[in-house]
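Biologist: Before we discuss this fold, could you put the sequence and the coordinates on the screen, so that we can go through the elements together?

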Amino acid sequence: MAPKFEWWAKGNNNNRKGTPVVVKMENPNNWSMVELESPSHDDFLVRTHEKSRNKNARQLTWVLLLKAHRAAGCLTSLGSALIALGTAVRRRIAAGRTDTEISSSSGIQKQNPAKKSKLFYSCLKVFLWLSLVLLGFEIAAYFKGWHFGTSKLQLQFIFNKGFFDWVYTRWVLLRVEYLAPPLQFLANGCIVLFLVQSLDRLILCLGCFWIRFKKIKPVPKPDSISDLESGDNGAFLPMVLVQIPMCNEKEVYQQSIAAVCNLDWPKGKILIQILDDSDDPITQSLIKEEVHKWQNQGARIVYRHRVNREGYKAGNLKSAMNCSYVKDYEFVAIFDADFQPLPDFLKKTIPHFKDNEELGLVQARWSFVNKEENLLTRLQNINLAFHFEVEQQVNSVFLNFFGFNGTAGVWRIKALEDSGGWLERTTVEDMDIAVRAHLHGWKFIFLNDVECQCELPESYEAYRKQQHRWHSGPMQLFRLCLPAVIKSKISIGKKFNLIFLFFLLRKLILPFYSFTLFCIILPMTMFVPEAELPAWVVCYIPATMSFLNILPAPKSFPFIVPYLLFENTMSVTKFNAMVSGLFQLGSAYEWVVTKKSGRSSEGDLAALVEKDEKKTKHQRGVSAPETEAEKKAEKTKKKKKKHNRIYMKELSLAFLLLTAATRSLLSAQGIHFYFLLFQGISFLLVGLDLIGEQVE
């Protein structure tokens with residue numbers, strides 16, 4: 001075995017680095033070996049530093065090259081995105097389908113003869129053209145060197161020999177003496193309203209934090225829950241009526257009917273009413289067939305159809321409550337056509353009514369199957385998450401009152417009858433019945449931990465119509481119920497909450513100042529710089545309020561800026577709806593059913609529906625042809641074409657804000673410029689219908 005010299009190597013590693021040897025070979029037979037002098041310790045350190053320096057330089061070079069490559073990739077993707085956006089804009093403009101043209105072709109204007117919408121659009125156009133003229137005027141003055149403030153105005157300019165000089169100085173004096181004071185007064189008034197509304201929002205958030213900190217939530221009687229779980233004969237199992245009002249909603253009727261037919265409640269103590277207002281014979285046939293299918297499977301379900309759709313949803317519910325057998329039932333659960341309650345929905349809501357005779361309503365929270373479908377649904381989810389998590393929950397815990405959401409709730413039938421039943425006087429029948437029940441002393445409970453799945457509007461057209469109805473109806477109701485609120489026997493505090501907070505602040509003031517302050521006053525202050533809006537009004541407080549709004553949906557934090565801009569963009573629709581409802585204009589009474597896409601919920605319900613469909617097909621026979629109704633529905637679906645629209649009001653405001661942003665550059669107003677620029681781009685994207693569902 002060869003001897004090992006590890007001990008020698010260990011002993012000399014620290015003192016000797018090795019002897020360099022150079023071998024010279026001129027030919028294979030003549031060679032020589034020359035021993036070189038070993039490098040010193042200093043030479044070794046110098047070489048080490050040089051190597052590390054070269055290594056660091058190479059690493060820095062590679063890092064810079066990598067960042068440059070990523071930046072080039074970002075620029076390339078940004079360029080391709082801009083090209084795609086430009087192509088979409090060009091295609092949208094080439095299609096030329098505006099909202100006014102489509103409304104007239106669909107007959108909406110015949111139903112609403114009022115010219116309010118045209119008047120509003122005309123006012124926006126006047127503002128736009130005036131801003132363009134003033135912008136040209138200011139640019140010309142700027143290049144003449146006359147960009148001065150009021151304090152620098154000198155009389156020599158008034159008597160200047162040029163006509164343009166005289167006109168511009170007169171314009172400056174006009175805005176200083178006559179335009180700036182009323183504009184500043186209006187701006188200050190809107191700022192006060194803005195601060196009051198922000199304070200209300202802050203108090204609601206603090207209330208929500210307190211509820212979470214103290215872990216406050218409604219809890220039913222323990223014995224009622226145990227009785228339900230044990231199946232005791234003496235358990236609290238009252239007679240429950242389930243209602244599903246629908247109208248031409250063939251995309252969602254199957255999943256909603258399947259969901260309510262699978263509610264976990266004794267079959268003899270539940271009755272399901274399918275309240276169909278459809279005027280499409282094909283849809284009627286499909287819904288009838290679905291009801292018959294579940295009847296054959298043992299479900300207690302009936303189909304009702306109204307020939308006259310008078311009163312819309314309120315008229316439909318009122319007609320159903322007039323049935324003779326309703327007197328046998330104690331509670332009624334209401335679900336819209338796209339809602340899919342879980343089987344244990346009644347077992348989580350009904351027990352709260354036991355031994356609580358003052359309780360009139362139990363409201364569940366909504367959850368959404370398509371909240372991540374596109375940017376529009378993500379932004380809606382932020383709004384509705386705040387509505388349920390903060391507004392509904394805080395009002396429920398501290399006031400026992402909130403607005404009924406129209407679906408996913410259980411009413412005590414006695415409370416409905418005591419409050420006068422369903423009325424067709426507004427388009428917000430849910431809020432109407434809630435206010436009247438509150439005036440009669442009934443209490444409400446909101447269950448934040450009981451969810452009912454539904455879907456959000458995926459197109460801007462559907463969302464816009466929904467928001468118009470949701471914001472015009474409360475103003476109709478406010479006019480009608482104000483005398484009753486004043487004369488009611490509820491406490492002064494509840495009257496104050498109902499009139500000032502519930503109606504005025506959250507339904508009237510919010511859309512008013514949002515539109516007036518950010519879409520009208522702010523652009524005008526760019527052309528009348530003597531009236532000012534502080535930077536904290538334009539940026540800091542709106543950003544803080546958006547931050548508070550987005551807290552209940554923490555996964556949506558990346559969308560905080562788009563959310564802020566989109567909320568200001570929607571203020572046009574909300575302001576328009578608020579004015580129409582307050583002054584009883586024609587569009588206030590327009591009821592348009594929100595379009596559904598028919599997306600199934602995830603999990604057990606989708607599998608359940610698929611299982612039922614397979615079972616039905618097996619009963620008919622595998623080779624059985626489709627029914628005539630299904631064939632006609634398929635043909636109708638193929639014939640119908642969807643189109644994205646161009647919204648003229650939003651486009652007018654987009655160009656108005658972009659014009660004001662250009663004017664702000666002359667005044668070097670940084671934060672105002674960026675706000676106007678991005679807000680104008682937001683209006684432009686919405687006006688071209690580039691948000692939400694895109695139809696090729």
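Modeller: A residue is called buried when its relative accessible area is under 20%, and please keep in mind that this is a predicted model.

Biologist: With that cut-off, which residues of strand S6 are buried on one side and which on the other?

Modeller: Strand S6 covers residues 331-334, and its two faces can be taken in turn. Val332 and Ile334 lie on one side and are buried. The other side is covered as well, and the buried residues there are Phe331 and Ala333.

Biologist: Which residue in S6 is the bridge partner of Val240, and how many bridges join S3 and S6?

Modeller: Strand S3 (residues 240-246) pairs with S6 in the parallel sense. Within S6, the bridge partner of Val240 is Phe331. The number of bridges between S3 and S6 is four.

Biologist: Does S8 run parallel or antiparallel to S6, and which residue is the partner of Ala333?

Modeller: Strand S8 (residues 409-412) is joined to S6 by four bridges, and the two run antiparallel. Ala333 has its bridge partner in S8, and that partner is Val410.

Biologist: Which residue of S8 stands opposite Gln363, and are the residues of S8 buried or exposed?

Modeller: Strand S7 (residues 359-368) runs antiparallel to S8, with three bridges joining them. Gln363 stands opposite Gly409 in S8. From S8, Gly409 and Trp411 point one way while Val410 and Arg412 point the other way, and all are buried.

Biologist: What is the order of the strands in the sheet, and why is one side of S5 and of S9 left without a neighbour?

Modeller: The sheet is open and its pairing is mixed, with seven strands in the order S5-S4-S3-S6-S8-S7-S9. Strand S5 (301-305) and strand S9 (443-454) each have a single partner strand, so one side of each lacks a neighbour in the sheet, and both stand at the edges. Ignoring direction, neighbouring strands of this sheet are turned against each other by an average of 20 degrees.

Biologist: Which residue in S4 stands opposite Met246?

Modeller: S3 and strand S4 (residues 270-276) pair in the parallel sense over seven bridges. Opposite Met246, in S4, stands Asp276.

Biologist: Is Thr283 buried or exposed, and what is its C-alpha distance from Cys247?

Modeller: Thr283 has its place in helix H10 (residues 281-296). Its relative accessibility is 1%, and therefore Thr283 counts as buried. Thr283 and Cys247 are 36 residues apart in sequence, while their C-alpha atoms are separated in space by 8.8 Å.

Biologist: What span should helix H7 have, and how far apart are its end C-alpha atoms?

Modeller: Helix H7 has 52 residues (163-214), so at 1.5 Å a residue it should span 76 Å. A kink of about 45 degrees lies at Leu179, shortly before the proline Pro181. The end C-alpha atoms agree with the expected span, being apart by 72 Å.

Biologist: At what angle do H7 and H18 pack, and is their crossing left-handed or right-handed?

Modeller: The axes of H7 and helix H18 (residues 535-550) are 10 Å apart and make an angle of about 25 degrees. That angle makes H7 roughly parallel to H18. The crossing of H7 and H18 is left-handed.

Key
Residues numbered from 1 in each chain as written. Predicted model: local features only at pLDDT ≥ 70, side-chain atom pairs only at ≥ 80, totals over all residues. Heavy atoms only, no water. Expected span 1.5 Å × (residues − 1). Bend = angle between axes of the 7 residues up to and from the residue. Buried < 20%, exposed > 50% of the residue type's maximum accessible area, 1.4 Å probe, protein only. Pairing = 2+ DSSP bridges. Axes fitted to C-alpha atoms, helices over the stretch in contact; angles between N-to-C directions. Parallel < 35°, antiparallel > 145°, perpendicular 65-115°, else oblique. Left-handed = near helix turned anticlockwise from the far one by under 90°.
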